[in-house]
Every structure is written in structure tokens, then in C-alpha cells.
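Colleague: Please take a close look at the salt bridges in this structure. I would like one connected account, starting from a single pair and working outwards.

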Amino acid sequence: MKLTMDLGARSYEIILERGALKHAGALFNLDRKCLIVTGSVMPRVYAETVAAQCREPVIVTVPSGEQAKRFPVYESLCSRMLQEGFHRGDCVVAVGGGTVGDLAGFAAASFMRGIDFYNVPTTVLSQVDSSIGGKVAINLDGVKNIIGAFWQPRGVLIDPDVLTTLPERQISNGLAESIKMAATSDAELFRFLEAQPILQNIDHVIEGSLRIKQYVVEHDETEKGMRKLLNFGHTIGHGIESTGALLHGECVALGMLPMSSEAVRAQLVPVLKKAGLPTTLDFDRKAVWDAMQHDKKFSDGGVDIVTVDTIGNGRIERVTLETLRARYDAAYKEGSAWNTD
């Protein structure tokens with residue numbers, strides 16, 4: 001299947017096809033120097049398969065998870081490109097999960113004021129969400145994605161065959177983003193997630209998620225309005241993520257519950273549990289609140305939050321910190337997350 005992200009001069013194709021990894025050279029322009037960035041926990045064969053299709057490949061392995069998105073790692077990528085004589089006509093290829101894509105994309109966006117970037121996502125989370133849309137970033141002082149840019153890839157290749165090597169927890173981690181998008185924007189996809197086996201239908205779930213994000217990005221590329229819907233669960237989720245206890249998608253799952261009506265929570269909790277995601281967690285409530293306030297969505301004493309009163313109909317609301325704090329305190333009892341039991 002092929003989708004075209006329609007962004008004028010920044011348009012690109014998204015290929016969803018089993019076995020497509022072996023044909024990256026036919027889909028991307030790899031007849032040049034290519035910095036292939038991959039993660040330390042990724043099977044190296046994925047990066048090597050892409051490298052074999054490049055004229056001049058340079059493979060660089062970075063730490064796994066959020067440890068990749070640090071200034072020293074970003075600097076090492078730029079230094080390597082400088083040492084290898086990369087020019088504006090060369091490119092960066094991310095072969096890995098969301099953190100690899102964020103890091104590699106930011107290096108591409110800033111090296112020589114921007115060179116071509118291709119994304120080959122190898123996790124559920126990156127395949128359904130982070131690989132498209134052009135958000136690239138690194139972290140600073142524990143604050144997630146605070147240094148970044150909008151830099152659209154030149155192409156995205158999604159091969160579900162690579163998911164067979166993922167641990168169950170990483171699969172669940174990515175499904176949180178599909179559940180998020182269905183809850184805010186696609187009641188039919190949410191009903192599918194409720195009724196059908198998810199893993200056996202992962203290609204359909206990936207496609208449905210991509211179509212939602214494609215539509216949103218095409219209508220609001222730089223997050224001035226509609227694209228903020230994709231932040232459902234992230235305001236509180238990023239705060240929980242700062243504790244280091246859970247993966248990104250697990251934190252988003254917890255962050256969605258306080259932003260949902262009682263009726264939506266009744267539908268959401270069973271789907272989260274079905275996908276293997278948490279609905280309760282013990283954590284330091286004050287530390288999470290303090291971390292939330294560093295989020296880039298906070299400004300002028302307020303924040304845009306996403307709430308869902310009925311499945312498929314997310315809503316963006318501008319609220320004061322006091323209003324958000326009241327919602328947060330009501331949802332999270334001392335020492336624990338939303339109690340759904």
C-alpha cells in the first residue's frame with residue numbers, strides 16, 4: 001500500500017508493504033553517501049539490508065531508548081558526517097524505533113542547514129505514529145523533545161515483517177498511539193480494536209493509524225491547531241515518562257484516562273488492557289506535576305489539552321494551570337494513577 005503525504009514541495013510517499021525492506025534502494029534515492037542510524041537493541045541485519053542498497057553507506061549505532069536523544073549523541077552523528085565528507089546532496093536514513101528517528105531526523109534537519117532524511121521504522125510505535133509528520137527532536141535536562149524542528153522525510157518505508165523480533169512490551173508500547181488516534185478521530189477503528197484480535201490484524205491497525213495522522217498533518221503541518229489532537233494523553237504522559245518507570249506508550253495510556261469522560265474511560269480501559277497497557281501506576285505525584293510544567297505545550301500560564309467526551313471526537317481545550325491541576329488532583333489519588341479497579 002502507498003500513501004502520499006500531500007505537503008506541496010515537501011510531499012513524500014509512505015510505503016506499507018511486507019518485505020519492502022529488501023527494496024529500499026528502489027524506493028529511496030540511496031545512490032550517494034548515506035548515514036544509516038540504528039539502535040543498539042535493533043537487529044543489525046535491518047541496517048545492513050539497507051546499507052547493501054546504498055552507494056556509500058556509513059552505519060552508526062546509537063544507544064537504545066531516550067538515551068539516544070542527547071546532545072553528545074547528536075553531536076557524534078554530525079561529527080561523523082563531517083569526517084566522512086558528507087555534503088548537502090547526501091542523506092540520513094533512520095533504521096529503528098521512534099527515538100532513532102527523532103535523533104537522526106534532527107541531525108539531518110540541522111547538518112548543513114538540512115539534508116535529505118529517510119525513515120525506516122522498525123517498532124510499532126514508530127510505524128503507526130512517529131515516522132511520519134516531520135517532528136524531529138532531542139531532549140535537554142530531562143525535558144523531552146524540547147530541542148527540535150519540523151523536517152519532513154523524503155520517504156518512509158514500513159515493513160511489518162520486522163515486528164516479529166519485537167518483545168511483547170514494545171508492541172504494546174506502540175499500540176497506545178493507535179488507540180490514542182482512534183479515540184480522538186476514528187470511532188470505526190476504535191470499534192475494530194475493541195472487537196478484533198489486534199496482533200493478527202496489525203497491518204490494518206498500522207494503515208488506519210497512518211491515515212489518521214496523514215490527514216491531520218496535511219491540514220496542520222506545524223501544529224497550530226488540529227495537530228494538537230495527536231497530543232491526547234501526552235500532557236500528563238510526558239510527566240509520568242520523566243520518572244523513567246515506563247515506556248512512552250505506557251505513559252500515554254495512563255495520561256489518556258484523566259482526559260476522558262467517564263463513558264469513554266469505560267470503553268478505553270478494556271482496550272488498553274487488551275493491548276497489554278497499564279491503567280494504574282504508583283508514582284511521585286509532585287515530581288510528575290513538576291515535570292509536566294516544563295512541557296513545551298505550556299505557555300502564558302496555560303496549556304492546550306486534548307479531551308475526549310465521545311469516542312472519535314477529540315477536542316482541544318485551552319485551560320489554566322489551576323484547572324489542569326484540579327483535573328490532575330481529581331484523577332490521581334496520592335501515590336497512584338487513576339484507579340480503574
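Modeller: Lys180 has a relative accessibility of 1%, so this residue counts as buried. Its side chain forms a salt bridge with that of Glu177, with 2.7 Å from N to O. Glu177 is buried as well, because its relative accessibility is 0%. Both residues belong to helix 6, which covers residues 168-185, and since they are 3 residues apart there, about one helical turn separates them. The model is a predicted one, and every value here is computed from it.

A second pair joins two strands. Asp304 and Arg318 meet through their side chains in a salt bridge of 3.7 Å, N to O. This bridge links distant parts of the chain: Asp304 sits in strand 11 (residues 302-310) and Arg318 in strand 12 (residues 313-320), with their positions 14 residues apart in sequence. The two partners fall into separate classes of accessibility. Asp304, at 17%, is under the 20% limit and therefore counts as buried. Arg318 reaches 44% relative accessibility and so counts as partly exposed.

A third pair lies in loops. The side chains of Asp31 and Arg55 make a salt bridge, again given from N to O, of 3.7 Å. Here too distant parts of the chain are linked, with the two residues 24 apart: Asp31 is in the loop between helix 1 and strand 3 (33-39), while Arg55 is in the loop between helix 2 (44-51) and strand 4 (56-62). Asp31 has a relative accessibility of 51%, which is over the 50% limit, so Asp31 counts as exposed. Arg55 has a relative accessible area of 48% and is therefore partly exposed.

The same region can be followed from Gly25, a residue of helix 1 (residues 24-27). Gly25 counts as partly exposed because its relative accessibility is 32%. Apart from neighbours within four places in sequence, Gly25 is in contact with Leu30 and Gln53. The C-alpha atoms of Gly25 and Ala52 are 8.8 Å apart, although 27 residues separate the two in sequence.

Beyond single pairs, there is a network of salt bridges that links Glu66, Lys69, Asp102, Lys144 and Glu241. Over the whole structure, the search finds 26 salt bridges.

The charges as a set can be described too. There are 36 positive and 42 negative side chains in the protein. The centres of these two sets are 2 Å apart.

As for the setting of these pairs, the protein contains 13 helices and 12 strands. Its radius of gyration is 19 Å, close to the 20 Å given by the globule rule for 341 residues, so the protein is as compact as a globular protein of that length. The C-alpha trace spans about 55 × 40 × 35 Å along the principal axes. Of the 341 residues, 57% are buried. Among contacts with a separation of 6 or more, 71% are between residues 24 or more positions apart. The exposed area of the protein is about 13,900 Å², and carbon and sulfur atoms supply 50% of that area.

Notes:
Residues are numbered from 1 along each chain as its sequence is written. This is a predicted model: local features need pLDDT of at least 70, side-chain atom pairs count only at pLDDT 80 or more; totals for chains, interfaces and linings use all residues. Side-chain values use heavy atoms; hydrogens and water are left out. Helices (H or I, at least four residues) and strands (E, at least two) are DSSP runs, numbered from the N terminus. Buried means under 20% relative accessible area, exposed over 50%, partly exposed in between (1.4 Å probe, protein chains only). Contact means heavy atoms within 4.5 Å. A salt bridge is a side-chain nitrogen of Lys or Arg within 4 Å of a carboxyl oxygen of Asp or Glu. The radius of gyration is taken over C-alpha atoms; the globule rule is 2.2 Å times the number of residues to the power 0.38. Accessible areas come from the Shrake-Rupley method with a 1.4 Å probe; for residues, only the protein chains shown count as cover. Lys and Arg count as positive and Asp and Glu as negative; His and the chain ends are not counted. The place of a charge is taken as NZ of Lys, CZ of Arg, CG of Asp or CD of Glu.
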